[in-house]
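User: I would like to learn how to read surface, burial and contacts from a model, one feature at a time. Could you take me through it?

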Amino acid sequence: MVTVHRSGVGKKSNDSARLIFTTTLGVVFGFFIGVSLPAVSLTKIRFPSSIITSLDVAFTELRRPNPPASNRSLEDEGSGGVPKIYVPTNPRGAETLPPGIIVPQSDLYLRRLWGEPSADLKTTPKYLVSFTVGINQKKNIDAAVKKFSENFTILLFHYDGRTSEWEEFEWSKRAIHVSVKRQAKWWYAKRFLHPDIVAAYEYIFIWDEDLGVEHFNGEKYIQLVKKYGLEISQPGLEPNNGLTWEMTKRRGDREVHKDTEEKPGWCSDPHLPPCAAFVEIMAPVFSREAWRCAWHLIQNDLVHGWGLDFALRRCVEPAHEKIGVVDSQWIVHQVIPSLGSQGDPEDGKAPWEGVRTRCKNEWAEFQARLLGADQAYLSQRGRG
């Protein structure tokens, strides 16, 4: 006979009741905790600082409202549905950018590494003067630089690689130094004076290192260039120093001249080089607009620039009016063959002989290229 103990049944019933009560109490308590949790300030909970920072960034991103339509960028659109930009009038290669962000030109102004960009520049020079230099002409260049005011940015191209030795001059600390060994002036100009890089300057001086400047002043020169409307110019040369063309010799009875008389048969037209529309390549000065054209005329591989002087007239119109020599601000060509020492002896010839031969060959090559380009253009136009 099985005996049922009533006390066992009662015990099981009490346990079940406790379980139900505890569960119900836990659910109710959890509900109230869940309802009240959003009102708890996370900053009052002592989490490690790294977690606090991460949470703060995350919540900031999640809660950031969508910007109004007037302030929205394409970056706010995400990766999907972004309208494509294509502006054919933008500079080449920048067609996919909104025009308002494009900066097509630069400058050579020196800026700070700190502070507000708008406060970087105490002055903005209007003109640029560059010299191609070696350390042996240090004193000569020092004298030349002092003829230019703070309105001029000074740029030195060092063909001998010796730049630190110029630091004895106070002006050198403000100058721009570009050092590439054994190169010529027009090699540097083609690579470092792109018109979009020097667009901030009204006039660009591209000078040799062997120029005496006792009778020259940069500011007065600019005044005369503007007065006579010269787009391409040079200072007059002392007629008794070295070989020079009649056109570039200084005349003592005037401020500027634009033409001359040469030897019989040298000028087929009185308005053409070397009787007019002509300056030499030792100390040319270009307006911003004229330089934009002249830069394209420089050949990458013809580093000495011989022949350029006869072709510069193509960059201004009328050339015989806009190219001239400033007589009242004149210089002395010291005729120091400094680049000759940068050559190598070949075939039993001295270094300077090889350099001079290259100069002459480049002149012939440039003339041939220009003639070929003219003929190709005329042929294309049906006039060949």
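User: How many Å² does the protein expose, and what percentage of it do carbon and sulfur atoms supply?

Analyst: Please keep in mind that this is a predicted model. The protein exposes about 24200 Å², and 55% of that area is supplied by carbon and sulfur atoms.

User: What percentage of the residues is buried, and how many helices and strands are there in the protein?

Analyst: Of the 384 residues in the protein, 35% are buried, and the protein has nine helices and nine strands. As for contacts between residues at least 6 apart in sequence, 71% of them join residues at least 24 apart.

User: Where is Glu 95 found, and which side chain of opposite charge is nearest?

Analyst: Glu 95 lies in the loop that runs between helix H2 (49-63) and strand E1 (127-133). Glu 95 is buried but has no salt bridge: a salt bridge would need a side-chain nitrogen of Lys or Arg within 4 Å of a carboxyl oxygen, whereas the nearest side chain of opposite charge, that of Arg 92, is 6.6 Å away. With neighbours within four places in sequence left aside, Glu 95 is in contact with Ile 85, Tyr 86, Val 87, Pro 88 and Asn 90.

User: Why does Gln 183 count as partly exposed?

Analyst: Buried means under 20% relative accessible area and exposed means over 50%, so Gln 183, at 22% relative accessibility, counts as partly exposed. Gln 183 sits in the loop between strand E3 (176-179) and helix H4 (185-192), and its C-alpha atom is separated by 9.0 Å from that of Phe 157, which is 26 residues apart from Gln 183 along the chain.

How values were computed: Residues are numbered from 1 along each chain as its sequence is written. This is a predicted model: local features need pLDDT of at least 70, side-chain atom pairs count only at pLDDT 80 or more; totals for chains, interfaces and linings use all residues. Side-chain values use heavy atoms; hydrogens and water are left out. Helices (H or I, at least four residues) and strands (E, at least two) are DSSP runs, numbered from the N terminus. Buried means under 20% relative accessible area, exposed over 50%, partly exposed in between (1.4 Å probe, protein chains only). Lys and Arg count as positive and Asp and Glu as negative; His and the chain ends are not counted. Contact means heavy atoms within 4.5 Å. Accessible areas come from the Shrake-Rupley method with a 1.4 Å probe; for residues, only the protein chains shown count as cover.
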